[in-house]
Amino acid sequence: MAISRDTISHYFHLPIDRAAKRLNVSLSVFKKQCREIGIQRWPYRKIKSLQTMIADFQDQRGDAETNGNIQDIIARLKDEIKHIEQNPNLEVTNSTRQLRQRYWKAKHQQRSQKKEPINLELSLACPTSADVEPLNIVYPSNYAGYEDMNGGSDSDSDEQQLEKDA
C-alpha cells in the first residue's frame, strides 16, 4: 500500500513511530515509503520545537511594543511551520535558528537559577557587532614544558638542526 505525501503530512505533528502505528504499517516500511516520496528526515522534532516556542511566547505578557514584537515572532514561527509541513526537508532559517538558540538558553538559565521568570524579549534580528564580545585568545609566551608533551625527547629534525649549527 503506497501512502501519499499529503496523507503523511497530516502526521508530522506525531513522532514517527506513532505516525506509522496510526497508518497501520511497520516503522521500517513507513520510513522506506517516506524516503521514496522524498522525506529524508521526519520533521516532528523541528515542528515540536517551534510549537513549544510559539506556546511560550503566547503565554508571555509585556507592554505594547513587546507584544508587537512577540506577535511578529509568532507569525514568523507559524510561517516556518507551514513551510516545513510543505517541504519537510527544509532546514529552519538562520534567523529562526538563532532565535531558538537564544530562547533555549534563556529557558535553561531560568531553570538553573529558579528565580523570577526571565523576560524572553527576543528578536529575529541578528546581533550587531556592538552586542558581540570578541574572543579572548591566549597565546603561550614561552614553550616551557614542550619537551614534556613530546615525551621528553627531541625529534630527529631538531638533532639535525643542532648538528648544522655546531
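In this predicted model, the largest nonpolar core holds 27 residues, of which Ile8, Phe30, Trp42, Phe57 and Leu77 touch the most other members. The elements that contribute two or more residues to this core are H2, H3, helix H4 (44-59), helix H5 (64-86) and helix H6 (94-113), and the largest share, six residues, comes from H5. Domain 1 (1-40) and domain 2 (43-113) each supply at least three residues to this core.

Phe30 also belongs to helix H3 (residues 27-36), in which Phe30, Gln33 and Cys34 are buried. These three residues lie on the same side of H3, because they cover an arc of only 105° around the axis. An α-helix has 3.6 residues a turn, so residues three or four places apart point the same way. The buried residues of H3 pack against helix H1 (5-9) and helix H2 (16-22), whereas Ser28, Lys32 and Glu36, on the other side of H3, are exposed.

Two residues with positive phi values are set out below.

| Residue | Place | Phi |
|---|---|---|
| Asn24 | loop between H2 and H3 | near 60° |
| Gly38 | just after H3 | about 105° |

For Asn24, the positive value occurs in a residue other than glycine. Asn24, which sits in the loop between H2 and H3, counts as exposed because its relative accessibility is 71%, and the cut-off for exposed is over 50%.

Note on methods: Residues numbered from 1 in each chain as written. Predicted model: local features only at pLDDT ≥ 70, side-chain atom pairs only at ≥ 80, totals over all residues. Heavy atoms only, no water. Buried < 20%, exposed > 50% of the residue type's maximum accessible area, 1.4 Å probe, protein only. Helix = DSSP H or I, 4+ residues; strand = E, 2+ residues; numbered from the N terminus. Arc of directions from axis to C-beta. Contact = heavy atoms within 4.5 Å. Core = buried A, V, L, I, M, F, W, Y, C linked by side-chain atoms within 4.5 Å. Domains from an automatic or database assignment.
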